[in-house]
Amino acid sequence: MYKSPPFREQENNGYSVRTFPETTKEEDLKWHFDNEDREIVFLHNSDWSFQMDNELPQPIYEGLTLLIPEGEYHRIIKGNGDLRVRVKKLNKTRLLPQKV
């Protein structure tokens with residue numbers, strides 16, 4: 001059964017803005033990895049946290065920019081209020097077979 005992502009997403013020129021609402025359940029914020037490198041920019045101060053695999057959680061603040069390599073596990077840890085982030089995919093997926 002497909003479960004929708006825990007965020008709302010607005011597509012813009014080459015990036016998207018994701019809003020994780022305050023009503024997001026902690027159990028919906030799972031460890032995951034992406035199939036491409038991504039640049040994440042946090043758009044406001046927040047008490048939510050971000051965690052890469054094998055690292056301690058780090059606080060989120062306005063302007064914090066993170067580069068997440070393809071295939072690296074990471075997660076968001078819920079705080080209070082909404083969380084807004086800008087996501088830019090930096091390259092096309094390398095995990096899927098390329099068309100010849």
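Is Phe50 buried or exposed? Phe50 counts as buried, because its relative accessibility is 3% and the cut-off for buried is under 20%. The model is a predicted one, and the paragraphs below go through its aromatic rings, its strands, its salt bridges and its surface.

The aromatic side chains come first. There are four aromatic pairs in the structure. One of them joins Phe20 and Trp48, with ring centres 6.2 Å apart and planes at 55°, a tilted arrangement. This pair links distant parts of the chain: Phe20 belongs to strand 2, Trp48 lies in the loop between strand 3 and strand 4, and 28 residues separate the two. Phe20 and Trp48 are both buried. The rings of Phe42 and Phe50 also pair, with 6.3 Å between their centres; their planes stand at 65°, so this pair is edge-to-face. The cut-off for that label is an angle over 60 degrees. Like Phe50, Phe42 is buried, at 1% relative accessibility. Ring pairs also gather Phe7, Phe20 and Trp48 into a cluster.

A further contact involves a ring and a charge. Arg86 places its charged end over the ring of Tyr15, 5.5 Å from the ring centre.

Next, the strands. Strands of a sheet pair through backbone hydrogen bonds, and the pairing can be parallel or antiparallel. Here, three strands form an open sheet in the order 5-4-7, and the pairing is antiparallel. Strand 5 (58-59) and strand 7 (74-77) are the edge strands, each with pairing on one side only. Strand 4, which covers residues 49-52, pairs with strand 7 over four bridges in the antiparallel sense. Within this pairing, Met52 has His74 of strand 7 as its bridge partner.

The charged side chains form three salt bridges. In one of them, Arg18 meets Glu9, and the closest N and O atoms are 2.9 Å apart. How do the two partners stand with respect to the surface? Arg18 counts as buried because its relative accessibility is 14%, whereas Glu9 is partly exposed, with a relative accessible area of 36%.

Arg38 takes part in another salt bridge, with Asp34, at 3.7 Å from N to O. The cut-off for a salt bridge is 4 Å, so this distance falls within it. Arg38 also forms a salt bridge with Glu36, where the closest N and O atoms are 2.4 Å apart. Through shared partners, the salt bridges join Asp34, Glu36 and Arg38 into one network. Each member of the network is buried: Arg38 has a relative accessible area of 8%, Asp34 has a relative accessibility of 10%, and the value for Glu36 is 9%.

Last comes the surface. Trp31, Phe33 and Tyr73 make a nonpolar surface patch of about 300 Å². Where along the chain is Phe33 found? Phe33 lies in the loop between strand 2 (16-20) and strand 3 (38-42). Why can Phe33 be called partly exposed? Its relative accessible area is 36%, and partly exposed covers the range between the cut-offs of 20% and 50%. Phe33 can belong to a patch because this value is also over 30%, the cut-off for patch residues.

Definitions and conventions:
Residues are numbered from 1 along each chain as its sequence is written. This is a predicted model: local features need pLDDT of at least 70, side-chain atom pairs count only at pLDDT 80 or more; totals for chains, interfaces and linings use all residues. Side-chain values use heavy atoms; hydrogens and water are left out. Buried means under 20% relative accessible area, exposed over 50%, partly exposed in between (1.4 Å probe, protein chains only). Patches are made of residues with over 30% relative accessible area and no salt bridge: like charges are joined within 9 Å, nonpolar side chains (Val, Leu, Ile, Met, Phe, Trp, Tyr) within 5 Å. Accessible areas come from the Shrake-Rupley method with a 1.4 Å probe; for residues, only the protein chains shown count as cover. Two strands pair if DSSP finds at least two bridges between them. Rings of Phe, Tyr and Trp (its six-membered ring) pair if their centres lie within 6.5 Å; planes under 30 degrees apart count as stacked, over 60 as edge-to-face and the rest as tilted. A charge sits over a ring if NZ of Lys or CZ of Arg is within 6 Å of the ring centre and within 35 degrees of the ring normal.
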